[in-house]
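Please open the model in your viewer and keep the selection panel at hand. The stops below go from one residue to its surroundings and then out to the whole chain.

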Amino acid sequence: MKSKQKTVIIASSNPWHDSLGLYFSKEQAYRSYLTLSKLNKPIAKGMYINVEKPSKTIRVYHENDRDYLVCGGFDHKTGKCDDECKIFGSIVEFAKKQL
């Protein structure tokens with residue numbers, strides 16, 4: 001069967017074909033963290049991220065007539081973290097301030 005599409009869009013955070021520009025060799029892997037908690041009071045729906053460091057993000061997730069707060073961020077280069085528990089603790093404290 002012949003396709004009628006004339007345009008194909010490939011969306012990626014990484015270049016998949018770079019005509020030997022070797023961009024993949026310049027990429028750096030980062031790790032980010034997320035937590036999910038029940039939301040007891042409504043907040044504005046949307047996805048939000050700050051501009052300061054460390055980066056933080058919040059958004060609302062809705063499932064089965066229940067709202068949840070997704071909090072995360074605190075990214076770092078992969079392999080460059082001494083204490084992931086401390087990062088999760090920071091996210092939990094940040095989430096508590098948002099609730």
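Begin by selecting Thr35, which counts as buried because its relative accessibility is 18%, where buried means under 20% relative accessible area, exposed over 50% and partly exposed in between, with a 1.4 Å probe and protein chains only. This is a predicted model, in which local features need pLDDT of at least 70 and side-chain atom pairs count only at pLDDT 80 or more, while totals for chains, interfaces and linings use all residues. Residues are numbered from 1 along each chain as its sequence is written, and side-chain values use heavy atoms, with hydrogens and water left out.

Thr35 lies in strand β1, strands being DSSP runs of E with at least two residues and helices runs of H or I with at least four, both numbered from the N terminus. If you set aside neighbours within four places in sequence, Thr35 is in contact with Leu69, Val70, Cys71, Phe88 and Ile91, contact meaning heavy atoms within 4.5 Å.

Keep Phe88 selected and add Tyr33, since the structure holds two aromatic pairs, and these two residues form an edge-to-face one, with 5.2 Å centre to centre and 80 degrees between the planes. For such a pair, ring centres of Phe, Tyr and Trp (its six-membered ring) lie within 6.5 Å, and planes under 30 degrees apart count as stacked, over 60 as edge-to-face and the rest as tilted. The pair links distant parts of the chain, with Tyr33 in strand β1 (residues 30–38) and Phe88 in helix α1 (residues 84–98), 55 residues apart. Tyr33 counts as buried because its relative accessibility is 2%, whereas Phe88, at 34%, counts as partly exposed. For the other pair, select Tyr61 and Tyr68, whose ring centres are 6.3 Å apart and whose planes meet at 40 degrees, so the pair is tilted; Tyr61 itself is partly exposed at 36% relative accessibility.

Return to Tyr33 and show its contacts: beyond four places in sequence, Tyr33 touches ten residues' worth of neighbours listed here in full, Cys71, Gly72, Gly73, Phe74, His76, Cys81, Glu84, Ile87, Phe88 and Ile91. Move on to Phe74, found in strand β4 (residues 66–77) and buried, with a relative accessible area of 12%. Among the contacts of Phe74 outside four places in sequence are Arg31, Pro54, Lys56 and Ser90. Phe74 and Leu34 are 40 residues apart in sequence, yet their C-alpha atoms are 9.0 Å apart in space.

Now select Tyr33, Leu39, Ile58, Val60, Leu69, Cys71, Phe74, Ile87, Ile91, Phe94 and Ala95, the eleven residues of the largest nonpolar core, a core being a set of buried Ala, Val, Leu, Ile, Met, Phe, Trp, Tyr and Cys residues joined through side-chain atoms within 4.5 Å. Two or more residues come from each of β3 (56–63), β4 and α1, and α1 gives the largest share, four residues.

For a view of the surface, select Phe24 in the segment before β1, which is exposed with a relative accessible area of 54%.

Finally, show the whole chain as a cartoon: one helix and four strands follow the pattern β-β-β-β-α along the sequence. Of the 99 residues, 22% count as buried. Among contacts with a separation of 6 or more, 54% join residues 24 or more positions apart.
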